[in-house]
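Reader: I would like a close look at a single part of this model, followed by its setting in the rest of the chain. Please keep the account plain.

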Amino acid sequence: MRDGEAARTRPGPEGVIPVPLVGPADSSLLALLGLEEAEDIVYRLLVDRPDCEPPALEGPLSGPVVARTLESLVERGLASAGRSDEGTVLYRAASPVLALGSLLESRRAALRQVESFVGDLTERHRSAQAHASGVPVEVLTGPAAIRRRLLTMQHQAVSEVCTLVPTRHAPAVLSYEDNFAEVDAGLMRRGVTVRSVVEREGLEHPDTAAVLASCVELGQHISVTDKLPIKLVIVDRRVALLPLNPERETEPVALVVHRTGLLTALCSLFDEHFEKGWRLSGAGTGLEEALAPADREIVALLHTGLTDAAIARQLGMGHRTVQRRLRALMDEVGAATRFQLGWHAARAGWLDTPDPGAPQGL
């Protein structure tokens, strides 16, 4: 037998059993999953030698080391121990898919976290470099880069975050869910003022209306207007993020605007739309006391599904009087449709209903 062949065999219960040697390319792969060197060696031997006695595993390791390693492998679920008919303790490797699969998945999850963290560090580095060099405008390409910068900006917010959120053309970045549900609650808990302008069309969608209502309850200032020209996020009035072309079907591009005349113009654009819109308010704001009893009855009957003519007959009013009062209420709260009036009436406490999120018949 040649010397090279001797290194490729180990004594076993039935004599000499071939054992594949570990090549240089995979000699430490299991160490990447958290196995110690001795555990790596013994587990590999057990894979090729089911129901193996400890002495058969000696050679590369001493007997005491093999014994300790087998105990460790059994404790970690990588091997099992049993007894033969003669009472000898035998060891068997657990299935690699089952035994190593969980370790592999945990490493994958850790690597994904590291990858995300490296991406965040990259965006922070790029932002700091741009700020230090005085570059007025940066160009970001791709949804991942845009989202990372958006989150970085919001996490660095100190005093105020302002957003324009059109209902149309809502890509994954700058969406209702990202800005309202996930991040804004954390911002407000940190004492950051959050002001947003949304389009009336958003109130026509129950899911969006529910998100807006929850944000108002948390303390967010939300203004509603007819149309918005762009999507926009402004942080502390020192940096802004806006899509370059929201309708672009290929890879999205966004601009990051630092302290320049352009940023001043974007801040003015936000302020103009915020001030001219009508404000969403939570329940219990005192508006219910300002509502006339006749108007309260009209809204309540509309909520039950009655037509204007039926309401007029029931209240002893003229048909046109009912329509005029409804129009006045819609103008007062800035509602463009009766659904929006119903949503506002429920939120303001005008209706005696336990479900303010879904007014019926309005």
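In which sense do S8 and strand S12 (residues 278-279) pair, and over how many bridges? Please take strand S8 as the starting point and work outwards.

Author: The model is predicted. S8 and strand S12 (residues 278-279) pair in the antiparallel sense, and two bridges join them. Within this pairing, serine 223 has arginine 279 of S12 as its bridge partner.

S8 also pairs with strand S7 (residues 193-199), here in the parallel sense and over five bridges. One of the bridges of S8 sets valine 224 opposite valine 198. Between the two strands, the chain leaves S7, passes through helix H7 (residues 206-218) and enters S8, a β-α-β crossover that is right-handed.

As for burial, S8 covers residues 221-225, and four of these five residues are buried, so the strand is largely enclosed by the rest of the structure. The cut-off behind that statement is a relative accessible area under 20%.

The sheet around S8 is open and has eight strands, with mixed pairing. Their order is S5-S11-S10-S9-S6-S7-S8-S12. The edges are strand S5 (137-141) and S12, each of which pairs on one side only.

Helix H8 (residues 261-276) lies across this sheet, over S5, strand S6 (160-165), S7, S8, strand S9 (232-235), strand S10 (239-243), strand S11 (253-257) and S12. Its direction is at about 70 degrees to S7.

The loop between S9 and S10 deserves a separate remark. Most residues other than glycine have a negative phi. Aspartate 236, in the loop between S9 and S10, is not a glycine and yet has a positive phi of about 55 degrees. Arginine 237 lies in that loop too, and its phi is also positive, near 55 degrees, again in a residue other than glycine. Their exposure can be stated for each residue. Aspartate 236 has a relative accessibility of 15%, so the residue counts as buried. Arginine 237, with a relative accessible area of 32%, is partly exposed.

Away from the sheet, the next part to consider is the largest nonpolar core. In soluble globular proteins, nonpolar side chains tend to be buried together. The core here has 22 residues, and Tyr43, Leu46, Leu57 and Leu100 have the most contacts inside it. Two or more residues each come from helix H2 (37-48), helix H3 (63-75), strand S4 (89-93) and helix H4 (96-133). H2 gives the largest share, five residues.

Leucine 46 can serve as an example from this core. Apart from neighbours within four places in sequence, its contacts are Cys52, Leu57, Leu70, Leu73, Ala79, Tyr91 and Ala93.

H2 also packs on H3: their axes cross at roughly 80 degrees and come within 9 Å. The two helices are therefore roughly perpendicular to each other, a description that covers angles of 65 to 115 degrees. On the H2 side the contact is made by Ala38, Glu39, Val42, Tyr43 and Leu46, and on the H3 side by Val65, Thr69, Leu70, Ser72 and Leu73.

A second helix pair is found later in the chain. Helix H10 (residues 293-303) packs against helix H12 (residues 319-333) with the axes 11 Å apart and at an angle of about 95 degrees. That angle makes H10 roughly perpendicular to H12. H10 brings Ala294, Asp295, Ile298, Val299 and Leu302 to the contact, while H12 brings Val322, Arg325, Leu326 and Leu329.

Helix H11 (residues 308-315) has Asp308, Ala310, Ile311 and Ala312 as its buried residues. After H11 comes glycine 316, with a positive phi near 70 degrees.

For the chain as a whole, there are 13 helices and 12 strands. Of its 362 residues, 41% are buried. Among contacts between residues at least 6 apart in sequence, 66% join residues at least 24 apart.

To return to the starting point, S8 is paired with S7 in the parallel sense and with S12 in the antiparallel sense.

Key:
Residues numbered from 1 in each chain as written. Heavy atoms only, no water. Core = buried A, V, L, I, M, F, W, Y, C linked by side-chain atoms within 4.5 Å. Buried < 20%, exposed > 50% of the residue type's maximum accessible area, 1.4 Å probe, protein only. Helix = DSSP H or I, 4+ residues; strand = E, 2+ residues; numbered from the N terminus. Contact = heavy atoms within 4.5 Å. Pairing = 2+ DSSP bridges. Right-handed = clockwise from strand over helix to strand, strands pointing away. Axes fitted to C-alpha atoms, helices over the stretch in contact; angles between N-to-C directions. Parallel < 35°, antiparallel > 145°, perpendicular 65-115°, else oblique.
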